Amino acid sequence: MENSESEAIKAIVELAKGQEQLGKQAYAIYKIEVETLINANVKDVNKIELTLDYMLSFCFNDDMVQLYRKLCRYLYFINEKSAAHYVNFFIEMW
């Protein structure tokens, strides 16, 4: 019994490590996307919302949370209502 518990714990640890790596990779990708949207002064609400939709799944990563917040703040000055929805989506999910 102890051996199977030990193996289960090892498997969980490996999953956690994999999730951590996935979060770091997603952050690196979305950091470029967010900076591009902001620096290009993109006003296309649909494009911004789609990016936030994808980012939301990775908000288990603290850096991604900060990036998500940054894009929400940017969206706020384009469309307050949409930004509020994305803040609420974050609260509901996380």
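Let's start with Leu52, which touches Tyr68, Leu71, Cys72, Leu75 and Tyr86, leaving aside residues up to four places away in sequence. Keep in mind that this is a predicted model. From Leu52 we can move out to the nonpolar core, then to helix α4, and finally to a pair of cysteines.

**The nonpolar core**

- Leu52 belongs to the largest nonpolar core, which has 21 residues.
- Along with Tyr30, Met55, Met64, Tyr68 and Leu71, Leu52 is among the residues that touch the most other members.
- Four elements each give two or more residues to this core: α1 (2-39), α2, α3 and α4.
- The top contributor is α3, with 8 residues.
- As general background, nonpolar side chains tend to be buried together in soluble globular proteins.

**Helix α4 and its two sides**

- The 14 residues of α4 should span 20 Å at 1.5 Å a residue, and the end C-alpha atoms are indeed 20 Å apart, so expectation and model agree.
- Which residues of α4 are buried? They are Ser82, Ala83 and Tyr86.
- Viewed down the helix axis, those buried residues sit within an arc of 100°, so they line one face of α4.
- That fits a general rule: an α-helix has 3.6 residues a turn, so residues three or four places apart point the same way.
- The buried residues of α4 pack against α2 (45-56) and α3 (62-76).
- Over on the other side of α4, you'll find Glu80, Lys81, Ile91 and Glu92 exposed.
- At the N-terminal end, Asn79 acts as a cap for α4, with a side-chain oxygen 3.2 Å from the backbone nitrogen of Lys81.

**A closer look at Ser82**

- Ser82 is part of helix α4, which covers residues 80-93.
- Is Ser82 buried or exposed? With a relative accessible area of 5%, Ser82 falls under the 20% cut-off, so Ser82 counts as buried.
- Not counting residues up to four places away in sequence, Ser82 touches Val45, Glu49 and Leu75.
- Leu75 is also on the contact list of Leu52.

**The cysteines**

- How many disulfides does the structure hold? The count is 0.
- Cys59 is in no disulfide, and the nearest cysteine sulfur, from Cys72, is 8.4 Å away.
- A disulfide needs two cysteine sulfur atoms within 2.5 Å, so that is the cut-off to keep in mind here.
- Cys72 is in no disulfide either, with the sulfur of Cys59 as its nearest cysteine sulfur.
- Cys59 is buried, at a relative accessible area of 6%.
- Cys72 counts as buried too, with 6% relative accessibility.

Technical notes:
Residues are numbered from 1 along each chain as its sequence is written. This is a predicted model: local features need pLDDT of at least 70, side-chain atom pairs count only at pLDDT 80 or more; totals for chains, interfaces and linings use all residues. Side-chain values use heavy atoms; hydrogens and water are left out. Buried means under 20% relative accessible area, exposed over 50%, partly exposed in between (1.4 Å probe, protein chains only). Contact means heavy atoms within 4.5 Å. The expected span of a helix is 1.5 Å times one less than its number of residues. The arc is that of the directions from the helix axis to the C-beta atoms. A polar contact is a pair of N or O atoms within 3.5 Å; within protein, one must be able to donate a hydrogen and the other to accept it, and residues adjacent in sequence count only if both atoms are side-chain atoms. A nonpolar core is a set of buried Ala, Val, Leu, Ile, Met, Phe, Trp, Tyr and Cys residues joined through side-chain atoms within 4.5 Å.
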